[in-house]
Amino acid sequence: MGLKIFHIHFRLGLLLGFLQVAGPLAADASDGHWAYERPVRPELPRLAKRESQGSPVDHFIQDRLAKAGLEYSRLAKPERQLRRLYLDLVGRPPQPGEGLPFLANPSSREYERLVDLLLASPQYGEKWARRWLDLARYADSNGFQADQLRDSWAYRDWVIEAFNSGMPFDQFAIEQLAGDLLPGATLTQKIATGFHRTPTCNVEAGVHPESNRVNQVIDRVNTTGTVFLGTTLECAQCHDHKYDPISMKEYYELFAFFNNTPLEVKNTSGVTWDFYGPKMDLPLSRAKAASRAKLADEMKAREDEKKSIQRSLAVELKEWEAIVIEQLKTAPQWTALEIEKFEATGGASHTIKDDLSVLVHGKNPDKSTYTARVKPEGVQRISAIRLETLLDDSMKKRGPGRNFDVPENPNFVLNEFSLKVNGEKIAFSRATASFSQAKYDVAGAIDGKAKTAWAVNPQFGRPHEAVFLLKNELSVKEVSLLEFQLVQHHGGGRTIGRLRLSVVDGDPAKLSLPSDVQTILLAEKRTNEQTKRLAGYYASQHPRLKELDQRLVKLKSERNAIRPDSTLVMNEMGGARETRVMLRGDYLNTGEAVSSGTPAVLHSFDDRLPGNRLGLAKWLVAPENPLMSRVAVNRWWASFMGQGIVSTQEDFGTQGEAPTHPGLLDWLAVELVESGWSMKHIHKLIVMSHAYRQSSIVSSGHLEKDPANKLYARAPRVRMSAEMIRDSALATSGLLEGRMFGPPIYPPQPDGIWRHVGRNAPKFVPATNENRFRRGVYVVWRRGAPYASFVNFDAPDRGACVVDRPRTNTPLQALTLLNDHAYVEMALAFANRIVSEPGLATDEQRIRFAFRVALSREAKPVEVGYLKSLLAKRDAELANAPKTAEALVGEARGMAFTKAATKCLAKWFTVANILLNLDEAIVKG
Amino acid sequence: MIPKQNYYLNETRREFLKHTGAGIGALGLASAMNGNLFAAPGAGPLFPRKPHRPARAKNIIYIHLVGGPSHLELFDYKPELVRRNGEKCPDHMFKGKQLAFIREHPTLLGTRFKYHAHGQGGLKLSEHLPLMGTIADELAIVKTVRTEQFNHAPAQLFLHTGFERFGRPGIGSWVSYGLGTENRDLPSYVVLITGSVAGAGNSLWGSGFLPTLHQGVEFRSKGDPVLFLSNPKGIDPGSRRDIVDGINFLNKTALADVGDPEIATRIAQYELAYRMQSSVPELMEIRNERTATLEAYGAKPGATSLANNCLLARRLVEKGVRFVQLFDQGWDHHSGLFGSIPNKARQLDRPVAALIADLRERGLLDETLIVIGAEFGRTPMLQGLSNNRAANNVGRDHHKEAYSMVFAGGGIRGGVSHGATDELGYAAVEDPVHIHDINATILHQLGLDHERLTFKYQGRQFRLTDVHGEIVHGILS
């Protein structure tokens, strides 16, 4: 019995151990797992036979092959090697004339020269960026409803440039994770942080900003784990798992590194939310900078003129003051009206204050009409009405409008101001105001039109007034009741918060001075501020100054309209957010508080490192990190060789596959670190190897002994990525435009692919200029509807990090290459290239040329024979069908052909279309 | 066929069989396995696979009413809500709740529509679904579906992928992955859309981490029914045949030289692509359906309508397409509820009634599961600015606590109402059913065990239903 109880307790203890947020247990789960031990450079295996192979890589591969009773294949034909290198290093096939020294003398020395040449090509970065952008889930849109576009292409360009410049891979990681936190961070280091500003963002109505933010942080944590550690952290988000080396608590310790970012959606009005969050202006483009400079020059000239006028103003002002003060002393005075009854529709309350102003408060209805009834006393005649909109602490920026819709802009919109005397409407002759917003002139308030109105944006936080002159003076003797009506039906609660009504008897011309200016003029002593205000007012009435000011306002708005491009960046908020474990991954249901930290199963976090993203980045690139270098070389290996040394590229954990060549993996990983994290160095090591350079021909022996080619007795044959297929076809057709960088491009795709609706839904307008033919890495990536032909070739939606795209083989791919308008255009351009190439006399010569262009090899007789007879057949068909040829050639947009060439192009389209569709054209083999 | 090539084709098959023998979980690991779409008889990831258990349905037609129709106007009659129309809603329905649009304490909104009982089961349906009433004894209505998301795009992702963010496969891809297809000339998973695309976009039928050949293929009603299906101008079927022959001749030459089985697959895919150029337009052409059939559905040749899509769905399952997904936009009634519902209901009522009757007549209803669902339902509370809005312009906000989904066909018990909401139609009081339960049940009917249908990705076995999912036995026959 006693034993049994002990047993139960023991079991229970174990169980609790599993449920706990437990470090020691986690360590057990991964005890001795190879991937958590720091790699040590192994000895190169000795080869039995003396081999003169190109790279240390071969020692490991041949060692394994020998043990399996297999051998390397012989070197691939030089033209194959050339094509393979171009495809792998610059992402397109070589063109006739390229690689000639190597083809003439296919020695290792010439091969190496070629490798160096291609590694130095700017197209190297364009080729290699694609894979990284899949990892970085880079896209040009937010995802979710409406799926609006965002600008972060400068980050994409940064990746291309980083690869081209040979930026050490550790630096590459640091700048992307924490470029903004580096001391004296440069512009490009900040751009690099766009890496973690790529997560999707929902801006639907009713979205909860914090939930969005938490989702984005989760995405950052998971992506960091996958990209730099080859480790799935996601599992630890909700629970602890028995076999998982990373505990739930450790997950949230990683979370804490990223938890100090601001919200990225903002309530811009009503139920409208917008994608927000930190972005950074880029330097102005040259063209924009030029127009800006031109505007600045004119502004300077106008300012100068203004200043010289102002200098002479001081004297004029003195003279004017003397006259006006005299006039004012005899001028009529405003009398504020005592309001007897005030009403506001829509449920707002009001209070009449001692200064006779009415303060409207309480509910702020969408729209409201004010009515004020007055029985005038002590006034004989009325020649004008003044409406003052005053300030009050109850309003944002103290007013003068209430406006709940956009709280930072306390505007009001007065659609109509009217006056009835004894029930009869009175006409106004004119209205003036201290300030009127553009397109909302005060005249709109008395024009009887419901739409036009008076408003004061952006002059908030200061009182305003409008003066309405009566068409005919009013004698008060006959007046028993004045009824004012203020219609404010613009919506969004744009109503006046505090107002006062006054009347005056006398010459309206004398009243054109604003009341505060009158007060200043009549004051015995003026404050500095009053003196300034007076001078300002006088200047504002000067005709030429008025003109200059108007022009300057226009120039300024034109200058401000020239906005630099911007890009999304990471930004640390002041003061750290508290991070808590989220139970079951739910941000509204939190457990214990944690601070930033790294998983115990990996190397320790150096105490001298800061506890922020920069510290995390430096921890990741520390040479003790057993994963980062292995994960990187493994991905590169897979890209060249068709599969990873660890075939589960995204999972180096205990559930992942064991490496096929552990020694090679560690050797390359150590080599990467010791070469100063040089990606190009590792790439060169791989492509210099015999393993890479050998033939890809599959023998029956291969299929028998190593069908999946895990031992590399032959080179892999791998279908190219969607972008590479398009880039290659563009290169073949001669259409490829080399221009690099900049905003996304819109090559042709069928109508109706972008069908999202909603606010700011962008339109897909195919480019008709060079942007139609630029490389795939620049094609706009809309997550809800990526570029259609890319999708058919396994491109992801980039909603989340993708390590390795699948490579399917489907009829939809056949249809794409046969019929996609983009590919039809390329085939026509290729046909044109074939028929325009000088020095070709016969169909056979043209066919041979086409093979060299598209497939980088000589055509075989059987191929030439087949195509020749097909061309003859097509020629005969077209002889009697001129319309057919015209229709086909008419499919090409974005290029023009001579009419004379029509039939010839239609004929050669057949060959061009065939070659662009061949397995060989879309496979690296 | 030259002998050497024949050998390689056989090799391809052997390869695939070897790997499929290792279990379907192994499929995603090697790119070699990703080959071969609908062709290559006897091989490939889309080769029909045995279900985990005897299936009650072979195919599924899933109609997603995008935007979230009001269950209170269509399926769930709440007289108490009508009686208390205009009262402030009880606090628990508003205080501390996250709603998309309602900001001020709202009033209750009773339906203005009548309900009628139908069939032997006495199933109550809105007066605007009279024809569905005629087949009511085929329908099972689950009235207590609960989701976790109240914004469109996340809720749509959650409904289809069991996860509110991007990156996971949808139920159609899971089914394709689990069962393959019986028609080697058509995709296993076809999508038909009326109106603009749902908020979450193409990701709803994307394959997530599953091999991309399990993604849904959209058959479009405008332009090419399948993207890039038609030849450019000036290329007639004869010229296209010549070109495909040329491609395949050269590819066969390469196959003989290089020996890569993938080339054999590509040859087959070009043949299939060529066949699809005539078979898909033929399938999409409803002109030769009987006039009586067209009228029953309310379908018109050349139109884009739910009616046409329901008819196409029948044609697709007839051909053995495993999963037919329909999306119908226009159910997001924040305003104009009582004006819009009769119109939208009319667009739904006739085609669905006709589809079920048509399948029954052809003996296909028993093997076809029909699901009518949405990402969420609507609040029992009124949405709409109380002033300056005409009374007939009121609407309802998004609602995740409880709403209705309708099932029919393969293995479904007809004339059944499952679960009950409270008297105001706000939350379940009897037999709550979560989205994971719905998905588990759909898989179950197709013979798939939702706990065994897994895919290893990033070191973890993923499931459509995560760690949840209970089969809703109450609606099963």
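**A walk through chain B and its partner**

Let us start inside chain B, where the buried residues of α5(B) pack against three other helices and strands of that chain: α6 (171-179), β8 (368-373) and α12 (435-445). Keep in mind as you look that this is a predicted model. How many residues of α5(B) are buried? Ten of its ten residues are, so the helix counts as mostly covered by the cut-off of 20 or more other C-beta atoms within 10 Å. Reading along the helix, the buried residues are B:His152, B:Ala153, B:Pro154, B:Ala155, B:Gln156, B:Leu157, B:Phe158, B:Leu159, B:His160 and B:Thr161. Just after α5(B) comes B:Gly162, which takes a positive phi of about 75°.

Now step back to see the whole of chain B. The chain has twelve helices and 17 strands. Of its 477 residues, 60% are buried. You can also ask how its contacts are spread along the sequence. Among contacts in chain B between residues at least 6 apart in sequence, 76% join residues at least 24 apart.

Chain B is divided into two domains, and each is built from separate pieces of sequence: domain 1 takes 1-15 + 30-44 + 231-297, while domain 2 takes 55-222 + 304-475. Measuring over C-alpha atoms, the centres of domain 1 of chain B and domain 2 of chain B are separated by 35 Å. The two domains touch, with 16 residues from domain 1 of chain B and 19 residues from domain 2 of chain B taking part in the contact. On the domain 1 side, α8 (261-284) and α9 (291-297) of chain B each supply at least two residues. Which helix gives the largest share of that side? It is α8(B), with six residues. By class, the domain 1 side has eleven nonpolar, three polar and two charged residues.

Next, turn to the place where the two chains meet. Here 76 residues of chain B are in contact with 83 residues of chain A. On the side of chain B, α1 (3-21), α5 (152-161), α7 (237-258) and α8 each supply at least two residues. The helix we began with, α5(B), is thus among the contributors. The largest share, ten residues, comes from α7(B). The residues on this side of chain B divide into 35 nonpolar, 30 polar and eleven charged.

Over in chain A, one residue makes a good stop. A:Val569 lies in the loop between β18 (566-568) and β19 (579-582) of chain A. Why does A:Val569 count as buried? Because A:Val569 has 25 C-beta neighbours inside 10 Å. Leaving aside residues up to four places away in sequence, A:Val569 touches several others, including A:Asp180, A:Lys190, A:Ile191, A:Pro278 and A:Met280. A:Val569 and A:Phe195 are 374 residues apart in sequence, yet their C-alpha atoms are 8.2 Å apart in space.

Finally, a word on confidence. The predictor gives the complex an ipTM of 0.77 and a pTM of 0.76. For chain B the mean pLDDT is 86, and 89% of its residues reach 70 or more. Over residues 1-42 of chain B, however, the pLDDT is below 50, although this stretch has 83 contacts in the model beyond near neighbours in sequence. Where pLDDT is low, the predicted coordinates should not be read in detail.

Definitions and conventions. Residues are numbered from 1 along each chain as its sequence is written. Chains are lettered from A and ligands numbered from 1 in the order in which they are written. This is a predicted model: local features need pLDDT of at least 70, side-chain atom pairs count only at pLDDT 80 or more; totals for chains, interfaces and linings use all residues. pLDDT is the predictor's confidence in each residue, from 0 to 100. Two residues are in contact if their C-beta atoms, placed from the backbone, lie within 7 Å. Helices (H or I, at least four residues) and strands (E, at least two) are DSSP runs, numbered from the N terminus. A residue is buried if 20 or more other C-beta atoms lie within 10 Å of its own, exposed if 12 or fewer, and partly exposed in between; C-beta atoms are placed from the backbone. Domain bounds come from an automatic or database domain assignment. Ala, Val, Leu, Ile, Met, Phe, Trp, Tyr, Cys and Pro count as nonpolar, Asp, Glu, Lys and Arg as charged, and the others, Gly among them, as polar.
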